[in-house]
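User: Please take a close look at one part of this structure and explain how that part is put together. I am a first-year student, so I would be grateful for one connected answer that proceeds step by step.

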Amino acid sequence: MRTWLTSRRVGPALAGLLLAVSLGALAGAPQAGAAGGGPAAVAEGLKKGPVYVDPGAAAQLSQGQADALAAKIKAAGKPLFVAVLPATPAFPADSVLRTVRTETGITGLYAIRLGDGFNAGADRTVMPGNAVRNLADAVKAGGPVDAATELNNFVDQALPQMKGHAPASWGGGASSGGGSSAGTLITLGALALVGGGGGYLLVKRNRKRREEARREAIARLSVVVDEDITAFGEELDRLDFHPGEPGADDAMRQDYARGLDSYERAKQIMASVQRPEEVQGVTQALEDGRYALACLDARRRGEPLPERRAPCFFDPRHGPSTEDAQWAPPGGAPRTVPVCAADAVRLRDGLDPAVRTVDTREGPRPYYDAGPAYGPWAGGYFGGGMLPGLLVGTMLGSMMSGPAYASDFGGGMDGGGFEGGDVSGADFNPSDFGGGDFGGGGGFDGGGGGGFDGGGGF
C-alpha cells in the first residue's frame with residue numbers, strides 16, 4: 001500500500017518537474033511577442049526578463065543597451081521591470097502602467113518609457129509611493145535625455161532602495177549548457193520530492209495561520225471602524241447644514257457634498273473589506289470627510305479655512321489637529337505628534353490626553369498598544385511617512401517594523417501579503433499604477449498626466 005501511494009504521489013510530481021524543465025529550457029531561447037502585441041506582448045516579455053523593448057521603439061534602445069540594462073537588474077536580483085514602448089494607441093498613457101502590471105502579474109517596480117515620456121509605479125511591499133514619485137521626478141528633472149541615459153539613471157537609483165527578489169520566471173541567469181541546467185533541476189527536484197510532503201504541510205499550516213490572523217484582524221477592525229463611521233455620521237447631523245439655507249453658497253455646498261461622499265465611500269469600502277489592509281481606504285475617506293466638514297464650519301462662521309493637517313494622533317475622531325505637541329508613551333522617548341485643541345490644553349496642564357482605546361484580551365488599551373491589527377486603520381489616518389515616527393516605541397510600531405506584519409497585514413499599506421517578485425496576478429492596489437503622468441523628457445502628454453500618484457504608496 002505504501003509503495004502504491006508513493007507512486008501515485010511521486011508520478012504526477014515528477015511529470016510536472018519534467019514539464020517545468022522543458023519549459024525552462026524553452027524560456028532560455030528567444031521568444032516571439034504575444035500575438036496581437038500591445039500590453040500582452042509586453043507582459044510576456046517581462047515574465048522572461050527584466051527589460052522589454054517593443055519593435056516600434058527599437059530605435060530608442062539598442063539590443064546591446066537593453067542587454068546591459070537587463071544584466072544589471074538580474075545581477076541585483078530585484079523585481080524591477082523596464083519597458084520601452086512607442087507612443088501609440090496600443091499603449092494608452094492613462095492606463096498602460098496599470099495594464100502592464102496586471103498582465104505581467106508579478107509584484108515589483110515597473111518603469112515605462114513611453115515615446116519620449118517616462119513613468120513608474122511599484123507595489124507597496126517593494127517601494128513606498130513617495131520614493132517612486134521622487135525617483136521618477138528626479139530622472140525627468142534634467143530635461144529630455146535619450147532612453148538609455150534615463151533608464152539607467154532610474155535603475156541605478158532604484159535598485160539599492162527597493163525590496164524583494166527577482167521572479168522565478170527569469171531563471172537563475174544564463175546557463176552554459178542546456179543539459180547541465182536540466183540535470184541540476186532534476187537533481188534539485190528529486191531532493192525536493194523527498195521532503196515535499198513535510199514542506200507542503202508546513203506551507204498549509206502557515207497559510208491557515210495567516211488566514212486565521214486576517215479574519216481575527218477584520219473582526220477587531222470592524223468594531224473600531226464602525227464606531228468611526230457612526231461618529232462621522234453624527235458630526236454630519238450636528239452641523240445641521242441645509243444646502244438651501246440662508247447664507248449658503250456654492251463653496252459650502254461643495255464642502256457638504258464632499259463630506260457626504262466621504263461618508264458613503266467609507267461605508268461602501270467597509271462593506272466589501274476582505275483583507276485588513278483594505279480598511280486603510282475607509283479611514284482615508286473619513287479623514288478627507290472630516291477636513292471637508294471643518295472647512296464648511298469655518299465658512300459658516302466667517303473664519304479662515306483651516307490648514308490641512310493630520311488628524312489628532314490620540315483619537316482621529318477629534319478631527320484635524322490644530323498644532324504639534326511633545327508627548328511620550330509610558331517608558332518611551334518623546335516625539336512630536338499632531339493634536340487637537342482640547343488635547344493640546346490637556347498636555348499643557350499636565351493631564352493625560354483623551355486617547356482612543358480599543359478592546360483587547362487584557363481589557364481596553366490605547367490603539368497603539370493593542371496589537372498589529374490596527375496598523376491599517378492608523379495608516380489611513382496618518383499616511384505618507386508620518387506613521388512610523390509617531391509609533392516609535394509603541395507595541396504597534398514595533399510589530400509593524402517586522403516582516404511577519406507585512407506578511408499577515410500587508411504592512412498597513414496594501415501589501416496584500418505578497419513580496420517583491422511574487423506572482424500576485426491582478427491582486428494589487430490599482431492606485432499605485434493609476435495614471436498617465438508621462439511628462440518630462442520630452443513632455444509626453446504635456447507633463448500634465450492623468451493624476452498618476454507615482455506608486456501611490458504601494
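Analyst: **The four-stranded sheet and its setting**

Of the 458 residues in the chain, 43% are buried. The model is a predicted one, and each value below should be read with that in mind. The chain holds 14 helices and 8 strands. Its accessible surface amounts to about 21,800 Å², and carbon and sulfur atoms account for 55% of that area. Among the contacts with a separation of 6 or more, 67% join residues that are 24 or more positions apart.

The part chosen for the close look is a sheet. Which order do its 4 strands follow? They are arranged as S1-S2-S3-S4, in an open sheet with mixed pairing. Strand S1 (51-53) and strand S4 (117-122) are the edge strands, and each of them pairs on one side only. From one strand to the next, the twist averages 10°.

Helix H3, formed by residues 63-76, packs on this sheet and touches both S1 and S2. The direction of H3 makes about 160° with that of S1.

The pairing of S1 with S2 can be followed residue by residue. Strand S2 comprises residues 80-85, and it pairs with S1 in the parallel sense over 3 bridges. Val53 has Val84 as its bridge partner in S2. Tyr52, in turn, stands opposite Ala83 of S2.

Is S2 mostly covered or mostly open? Strand S2 is mostly covered, since 6 of its 6 residues are buried. In this description, a residue counts as buried when its relative accessible area is under 20%. The cover of S2 extends to both faces. On one side Leu80, Val82 and Val84 are buried, and on the other side Phe81, Ala83 and Leu85 are buried as well. Val84 and Ala83 thus appear on opposite sides of S2; Val84 is the partner of Val53, and Ala83 faces Tyr52.

A further helix is associated with the strands. Helix H4 (residues 96-104) lies across S2, strand S3 (109-114) and S4. The helix runs at about 130° to S3. Strand S2 therefore takes part in two descriptions: H3 touches S2, and H4 lies across S2, while 6 of the 6 residues of S2 are buried.

Later in the sequence come two helices that pack on one another. Helix H5 (residues 129-141) meets helix H6 (residues 147-158) at an angle of about 145°, and their axes are 10 Å apart. The crossing in which H5 passes H6 is right-handed. On the H5 side, the contact is made by Leu135, Ala136, Ala138, Val139 and Lys140. The H6 side contributes Glu150, Asn153, Phe154, Gln157 and Ala158. Sorted by class, the contact of H5 with H6 has 6 nonpolar, 2 polar and 2 charged residues.

For comparison with the sheet, another pair of strands may be examined. Strand S5 (residues 323-327) and S6 run antiparallel and are joined by 5 bridges. One of the residues involved is Trp327, whose bridge partner in S6 is Arg335. Strand S6 (residues 335-339) is mostly covered, with 4 of its 5 residues buried.

The loop that precedes S5 also deserves attention. Gly319 lies in the loop between helix H9 (279-301) and S5. Is Gly319 buried or exposed? Gly319 counts as buried because its relative accessibility is 7%, and the limit for that class is under 20%. Leaving aside residues up to four places away in sequence, Gly319 touches Arg290, Pro311 and Cys312. Its C-alpha atom is separated by 10.0 Å from that of Glu235, although the two residues are 84 residues apart along the chain.

The final loop joins two other helices. Asp240 is found between helix H7 (178-239) and helix H8 (250-271). Most residues other than glycine have a negative phi. Asp240, however, has a positive phi of about 50° although it is not a glycine. Asp240 counts as partly exposed because its relative accessibility is 47%. His242 also has its place in the loop between H7 and H8, and at 46% relative accessibility it counts as partly exposed. The C-alpha atoms of His242 and Tyr256 are separated by 8.9 Å, and these residues are 14 residues apart along the chain.

How values were computed. Residues numbered from 1 in each chain as written. Predicted model: local features only at pLDDT ≥ 70, side-chain atom pairs only at ≥ 80, totals over all residues. Heavy atoms only, no water. Pairing = 2+ DSSP bridges. Axes fitted to C-alpha atoms, helices over the stretch in contact; angles between N-to-C directions. Contact = heavy atoms within 4.5 Å. Left-handed = near helix turned anticlockwise from the far one by under 90°. Nonpolar A, V, L, I, M, F, W, Y, C, P; charged D, E, K, R; others polar. Buried < 20%, exposed > 50% of the residue type's maximum accessible area, 1.4 Å probe, protein only. Areas by Shrake-Rupley, 256 points an atom, 1.4 Å probe, with all protein chains shown as cover.
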